[in-house]
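Please read this report alongside the sequence and the model shown below. It treats one pair of helices and then one sheet.

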Amino acid sequence: MIRSNKTKKSVLKALLENPGEIVSGSDLCRIADVSRQSVWKAVDSLRVEGFEIEAVPHKGYRLFCSGAADLSPTWLELTLENTSWGKTVLFWKSLASTQEPAKELARQGAPEGVLVVAGEQTSARGRLGRKWKSPQSGSICFSVIVRPNLLPGRIQLLSFAAAIAVHETLKKNFGISFELKWPNDILYRGAKVCGILTETASEPGKVHYAVTGIGINANIDSRTISMMDVGGPSTSLLTILGHPVHRGDVIASVVRIMEREVRSLETASGSKKCIDEYIKRCSTLGREVIIRHEEKALRGKAIGISDSGEIILLISGKERVLAAADITHLRTD
Ligand code: BTN
């Protein structure tokens with residue numbers, strides 16, 4: 001596991017402010033308020049995070065821009081300095097699933113906003129027992145601990161907050177509008193780009209903690225996507241945009257917006273606003289769909305979303321409200 005510390009953050013900040021230029025060892029010692037040896041140790045550790053830092057004898061250190069560090073926990077903590085989430089970012093090159101360490105930390109009392117990020121997941125999970133694929137060097141996969149002031153029956157709304165955050169980030173950063181498919185898939189022209197999973201520990205009337213995991217097919221080439229076999233059409237940001245994205249940038253933006261949305265959900269007016277935002281972006285509503293629920297497949301029309309995030313369907317002339325189901329959009333053309 002790789003994590004950041006105060007010295008690494010100070011050194012990285014100084015180097016990032018002077019890209020391609022030499023920053024003297026003595027300046028770094030002064031800025032970080034540590035010894036030369038501690039600066040050297042921090043630089044070495046930043047290299048492990050993927051930064052290309054040259055040590056220029058008798059002069060200092062120089063940072064070269066490098067995409068290899070785009071999941072750096074130190075960069076993420078620095079970037080999220082002014083938000084309350086993301087104060088602690090734990091990074092693993094490879095994990096079975098980011099949900100597991102995040103849930104263990106939450107059980108041990110870790111605060112809201114701790115992020116667990118992985119370079120790849122070998123056994124990632126999706127909703128309804130499905131698998132999620134996060135291949136190496138291209139995936140965005142992370143989990144965040146949330147301690148929301150929400151009743152257990154409304155916890156589905158956390159995934160809505162995450163979906164809005166991903167949707168807003170992709171629109172803001174890349175100018176592309178994606179669609180939300182109830183409950184928490186993000187699609188581009190019908191193909192999945194992102195999946196969200198929220199798991200909770202609660203008792204009647206109280207949520208102890210929730211862990212929301214977000215997986216985005218980011219810099220994954222179309223050949224790898226086509227071999228992923230995730231039970232439906234998938235695509236990636238690389239395929240859509242034609243260029244790789246800085247994954248840390250996407251994570252930082254999603255985390256900031258999600259924090260804002262979660263706080264909003266905790267008030268009656270904010271919660272209504274959040275659901276309205278979700279509805280605006282959700283392409284399931286108004287559509288004919290196939291619903292797989294309790295081993296039955298039913299055809300119906302999605303007509304609304306309840307205050308708790310359930311879907312309201314019209315099936316054979318009768319309204320049904322479902323909290324969990326697998327939905328397939330039927331073609332509209
Ligand atoms: C789904 O589409 O059914 C949800 C997929 C959720 C995947 C994310 S990736 C980060 C976190 N770790 C997991 O094992 N799952 C979630």
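## A helix pair and an open sheet

Helix α1 passes helix α2 in a right-handed crossing, as seen in what is a predicted model. The contact between them is made by Thr7, Ser10, Val11 and Ala14 on the α1 side, and by Leu28, Ile31 and Ala32 on the α2 side. Sorted by class, this contact of α1 with α2 comprises 5 nonpolar and 2 polar residues, with no charged residues.

Two packed helices are described by the angle between their axes and the distance between the axes. For α1, which spans residues 6-17, and α2, which spans residues 25-32, the angle is about 130° and the axes lie 9 Å apart. Because of that angle, α1 counts as oblique to α2.

The second topic is the sheet. Five strands, in the order β16-β15-β14-β13-β17, make up an open sheet with antiparallel pairing. Its edge strands are β16 (318-322) and β17 (326-329), each of which pairs on one side only. From one strand to the next, the twist averages 40°.

The table lists three of the strand pairings, each with its number of bridges and one pair of residues that stand opposite each other.

| Strand pair | Sense | Bridges | Opposite residues |
|---|---|---|---|
| β13 and β17 | antiparallel | 4 bridges | Val289 and His329 |
| β14 and β15 | antiparallel | 4 bridges | Lys301 and Leu314 |
| β15 and β16 | antiparallel | 5 bridges | Leu314 and Glu319 |

Leu314 of β15 thus appears in two rows: Lys301 stands opposite Leu314, and in β16 the bridge partner of Leu314 is Glu319. Strand β15 itself, residues 311-315, is mostly covered, with 4 of its 5 residues buried.

How many residues lie between the strands in the hairpin of β14 and β15? There are 5 residues between β14 and β15, and Gly309, which sits in the turn, has a positive phi of about 95°. The hairpin of β15 and β16 has 2 residues between the strands, and in that hairpin Ser316 takes a positive phi near 50°. Strand β14, which covers residues 296-305, runs antiparallel to β15, while β13, covering residues 288-293, pairs in the antiparallel sense with the edge strand β17.

Technical notes: Residues are numbered from 1 along each chain as its sequence is written. This is a predicted model: local features need pLDDT of at least 70, side-chain atom pairs count only at pLDDT 80 or more; totals for chains, interfaces and linings use all residues. Side-chain values use heavy atoms; hydrogens and water are left out. Axes are lines fitted to C-alpha atoms, for helices over the stretch in contact, and angles run from 0 to 180 degrees between N-to-C directions. Angles under 35 degrees count as roughly parallel, over 145 as roughly antiparallel, 65 to 115 as roughly perpendicular and the rest as oblique. A crossing is left-handed if the near helix is turned anticlockwise from the far one by less than a right angle, and right-handed if clockwise. Contact means heavy atoms within 4.5 Å. Ala, Val, Leu, Ile, Met, Phe, Trp, Tyr, Cys and Pro count as nonpolar, Asp, Glu, Lys and Arg as charged, and the others, Gly among them, as polar. Two strands pair if DSSP finds at least two bridges between them. Buried means under 20% relative accessible area, exposed over 50%, partly exposed in between (1.4 Å probe, protein chains only).
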